[in-house]
Amino acid sequence: MNILILGIDQRDGEQGPWRTDTMMVATLDPVGLSAGVLSIPRDLWVTVPGFGENRINTAHFLGDAYGYPGGGIALAQETVRYNLGIPTTYYVRINFAAFEKAIDLLGGIDLCVPEAIDDPHYPDAHYGYEPFRIDAGCQHLDGRTALKYARTRATRGGDFDRMRRQQQVIQAVRERVLRLNMLPSLIARAPALWETVKEGVRTNLTLEQMIALARLAARIPEERIRMVTIGPSMTRPYTTPDGAEVLVRIPEKVREALSDLFGSQVPRLEARVAVQNGTMRPGLAARVAESLRALGVEIVEVGNADRFDYAETRILIRPEGWEAAHQVIGWLDLPLTSIQETPDLRCACDLLIRLGADFPEP
């Protein structure tokens, strides 16, 4: 089972809509007793279904702001499924206040800070600054400090470091509960604890399901819990036409990580694909085809288009090929407008990628 975990940037008195400060997918296998957590950078440049290309952290905002069916949470789930191929049946959305309360209900957490952090521009609750500093070394953190530790980006790795710290906090919570044998008392007090934090949490998990998941998590050996981030080796910096500094995926690297973590849950492309070079860049079609083969795509033809002056890349499909085309544009970071239905597709393929001058080097 997969659970989408969203941390929203809700401040006191705000009514929303909100962007997601944190986005993770937790996966649990109750039969094989294994689990994993995938952290997704908030600046990842993706297709938000129905809204075009944007940072992934805007999906929740757009869903709430424009009345998407099911709201921001549903659009965030669909965006993760559309771009990464990960379906999430369940979700948990939490705000800053609920995070702090949850940590304090455990009596804080213990973790080792790998390097000192000095963040003079840590944001306060009113869009000002509340400087944050923490020394390197093993120490005890209350809820407020744990939140700052999980949110600050004032280290060399920026958001990538922040995602690792957030995973470290999750591990510290589990370790404290198990080391102090807190689970029986927490379960006994579950209804009262839920009343304390539920104002800042939204989820489609019942209290009974949450208790069952807590019991399951306690049974999974630490060595069978994997923590993965979509990090620097899986992305590259990109400046959008509007000047925004974002991250785009390296498709084969991301798919390799997802397949390792989610296994057979990550769908394969059930289509025969042809790649044609419509540019003056020698070997472009072969390089794109090689990247797609690494994702498990069946490439049936690689060659040149009928001319070499195509300005825009197009995904030419038969009428039944829309689902496959959606997967391809997600892998290649192409807009929805690149899909073009062509009933008389002239190739022994289900989908033809015709590369234009706008296509970046793979």
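Biologist: Which residue takes a positive phi just after α11?

Modeller: Keep in mind that this is a predicted model. Right after α11 the chain has a positive phi of about 55 degrees, and the residue there is Asp333.

Biologist: And α11 itself, how many of its 11 residues are buried?

Modeller: Helix α11 runs over residues 322–332 and is mostly covered. Among its buried residues are Trp331, Ile329 and Val328, along with Gln327. The buried count for α11 is 8.

Biologist: Let's go to α9. What distance does it reach from its first C-alpha to its last?

Modeller: Helix α9 covers residues 251–262, so 12 residues, and at 1.5 Å a residue you'd expect 16 Å. The model comes out close to that expectation, with a reach of 16 Å.

Biologist: Why do the buried residues of α9 sit on the same side?

Modeller: The residues in question are Pro251, Val254, Arg255, Ala257, Leu258, Leu261 and Phe262. An α-helix has 3.6 residues a turn, so residues three or four places apart point the same way. Here the buried ones share a side of α9 because the arc they cover around the axis is only 165 degrees.

Biologist: Which exposed residues are on the face of α9 turned away from that buried side?

Modeller: Exposed here means over 50% relative accessible area. On that opposite face of α9, the residues are Glu256 and Asp260.

Biologist: Over in α5, is Gln167 buried or exposed?

Modeller: Gln167 lies in α5, residues 158–179. Beyond its neighbours within four places in sequence, Gln167 has contacts including Met24, Val37 and Met227. Its relative accessible area is 5%, and the cut-off is under 20%, so Gln167 counts as buried.

Biologist: Glu175 is in α5 too. How far apart in space are Glu175 and Gln209, C-alpha to C-alpha?

Modeller: Glu175 is partly exposed, at 35% relative accessibility. Along the sequence, Glu175 and Gln209 are 34 residues apart. In space, their C-alpha distance is 21 Å.

Biologist: What about the second largest pocket: which helix gives the largest share of its lining?

Modeller: That pocket holds about 470 Å³ of space. Of its 23 lining residues, the closest to the centre are Gln10, Asp12, Phe96, Ala97 and Glu100. Three helices, α4 (143–151), α7 (190–197) and α3 (96–105), each supply at least two lining residues. The largest share, 5 residues, comes from α3.

Biologist: And how many of the lining residues of the second largest pocket are charged?

Modeller: The lining divides into three groups, with 8 nonpolar and 5 polar residues in two of them. The charged residues in the lining number 10.

Key. Residues are numbered from 1 along each chain as its sequence is written. This is a predicted model: local features need pLDDT of at least 70, side-chain atom pairs count only at pLDDT 80 or more; totals for chains, interfaces and linings use all residues. Side-chain values use heavy atoms; hydrogens and water are left out. Helices (H or I, at least four residues) and strands (E, at least two) are DSSP runs, numbered from the N terminus. Buried means under 20% relative accessible area, exposed over 50%, partly exposed in between (1.4 Å probe, protein chains only). The arc is that of the directions from the helix axis to the C-beta atoms. Contact means heavy atoms within 4.5 Å. On a 1 Å grid over the protein atoms alone, a cavity is a set of points where a 1.4 Å probe fits but cannot get out, and a pocket is an open set with protein on both sides within 12 Å along at least five of seven lines; lining residues have an atom within 4 Å of a point. Grid points are joined across faces, edges and corners, and a volume is the space filled by probe spheres set on the points. Ala, Val, Leu, Ile, Met, Phe, Trp, Tyr, Cys and Pro count as nonpolar, Asp, Glu, Lys and Arg as charged, and the others, Gly among them, as polar.
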